[in-house]
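Hi everyone, thanks for making time. I'd like to walk you through a structure that's new to most of us, so have a look at it first.

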Amino acid sequence: MSERFTCDVVVVGAGMVGAACAFYAARTGLDVVLVDRGPVAGGTTGAGEGNLLVSDKEPGPELELALLSGRLWAALAERRGEAIEYEAKGGVVVASTAKGLAALESFAAGQRAAGVEAAPVDAGRLHDLEPHLAPGLAGAVHYPQDAQVMPSLAAAHLVRASGARLLTGRTVTEVLRTADGAVRGVRTDQGDIHAPAVVNAAGTWGAELAALAGVCLPVLPRRGFVLVTEPLPHMIRHKVYAADYVADVASGSAALQTSPVVEGTAAGPVLIGASRERVGFDRTFALPVVRALAAGATRLFPFLEQVRAMRAYVGFRPYLPDHLPAIGPDARVPGLFHACGHEGAGIGLATGTGHLIAQVLSGKTPELDLAPFRPDRFPPSQEAA
């Protein structure tokens, strides 16, 4: 039997970004329905490491969003930190050569001018921060503002705290529109949800939802693997990664790229990344990729050679061609809003995104300029691609 719901706003996608949109929209007094074809955090969020990073972002709109999001995450952690496994652990970005260190320190100088805390660490002090790091590294930069959450827990807690009506196991099949083209809700395989506003928080599948509304948003999946070790004592104190990770994040290449990223978790296992490649939604296990991740991790932390890997899992980052998410109203369809395309930064940027979407939905001026995130900013050539 089909059901019909009416609300102020329907958020499509119950991952971390959708959960944050529902949470902040509900806090403004809006009646919110959150709908997903799967469970909460069943897509990219459930395959993420939970990183809340400023360290990998150059000065510009994404860094401004990351700084806003970091403040909002810290505020949430004051009340829910233990429940979401929030760790203000900080990040350490290491360089293996003097040339690499000079480039890293130059990058950090620009970040400091934009409000990031970034402290140079010479080779002699590296082991004070991370006693088990490999010898011979040239130096590093320490980022105290980097943090981590357990993403599935965080999404579930935000959904619960929002008070939004949660409808899982329902596939959106159509974006309903009025005769003059404005949004009037969505149709699902189990009934309609009527609302004057629809938020596309469908992550890697954001292009599909946009197409249902008759617009193009060129979101593509960018595959990544994560290797998970057996539970260990607290031997890695920060999120630690090699400086070339920043370049991999910024690259538009479809080819495979790997750079070592290593961090512990509150539960004990160590998470090892990071790989990036555009291969569509191919979930095939790729042993060479996982081997490359393991090799990179042991170069940073030699003790990991003796540690067993429990499992590896795969996820798809929602990639947009200019590496910025789509956030805000879509000028092409009144009532349609986008909150997707965050690539690998969706967990960290979710709170700021949800906060900004809620401000726009409630008629307020958003705290950040949304112009760089405009959903209709892409030229036809990129949309077609």
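I'll talk about the core, then a pair of helices, then a sheet.

One thing up front: this is a predicted model.

Okay, the core. The largest nonpolar core has 65 residues. If you want the ones with the most contacts inside it, look for Val11, Met16, Val32, Trp73, Val199, Ile357 and Leu361. And which helix gives the most to this core? That's helix 1, residues 16-27, with ten residues. Now zoom in on Leu361. Leaving out anything up to four places away in sequence, Leu361 touches Val9, Ala25, Leu30, Ala197, Val199 and Phe337.

Leu361 also takes us to the helix pair, since it's among the helix 9 residues that meet helix 1. Helix 9 covers residues 346-361, and its axis comes within 7 Å of the helix 1 axis, crossing at roughly 35°. The crossing is right-handed. On the helix 1 side you'll find Met16, Val17, Ala20, Cys21, Tyr24 and Ala25; on the helix 9 side, the residues include Gly346, Ala350, His355 and Ile357. What's the make-up of that contact in nonpolar, polar and charged residues? Eleven are nonpolar, five are polar, and none are charged.

Last stop, the sheet. Four strands make an open sheet, ordered 1-12-11-10, with mixed pairing. Strand 1 (3-6) and strand 10 (172-177) are the edges, each pairing on one side only. On average, neighbouring strands here are turned by 15° against each other, ignoring direction. Strand 10 runs antiparallel to strand 11, residues 183-188, with five bridges between them. There, Arg177 sits opposite Val183 of strand 11.

Methods: Residues numbered from 1 in each chain as written. Predicted model: local features only at pLDDT ≥ 70, side-chain atom pairs only at ≥ 80, totals over all residues. Heavy atoms only, no water. Core = buried A, V, L, I, M, F, W, Y, C linked by side-chain atoms within 4.5 Å. Buried < 20%, exposed > 50% of the residue type's maximum accessible area, 1.4 Å probe, protein only. Helix = DSSP H or I, 4+ residues; strand = E, 2+ residues; numbered from the N terminus. Contact = heavy atoms within 4.5 Å. Pairing = 2+ DSSP bridges. Axes fitted to C-alpha atoms, helices over the stretch in contact; angles between N-to-C directions. Left-handed = near helix turned anticlockwise from the far one by under 90°. Nonpolar A, V, L, I, M, F, W, Y, C, P; charged D, E, K, R; others polar.
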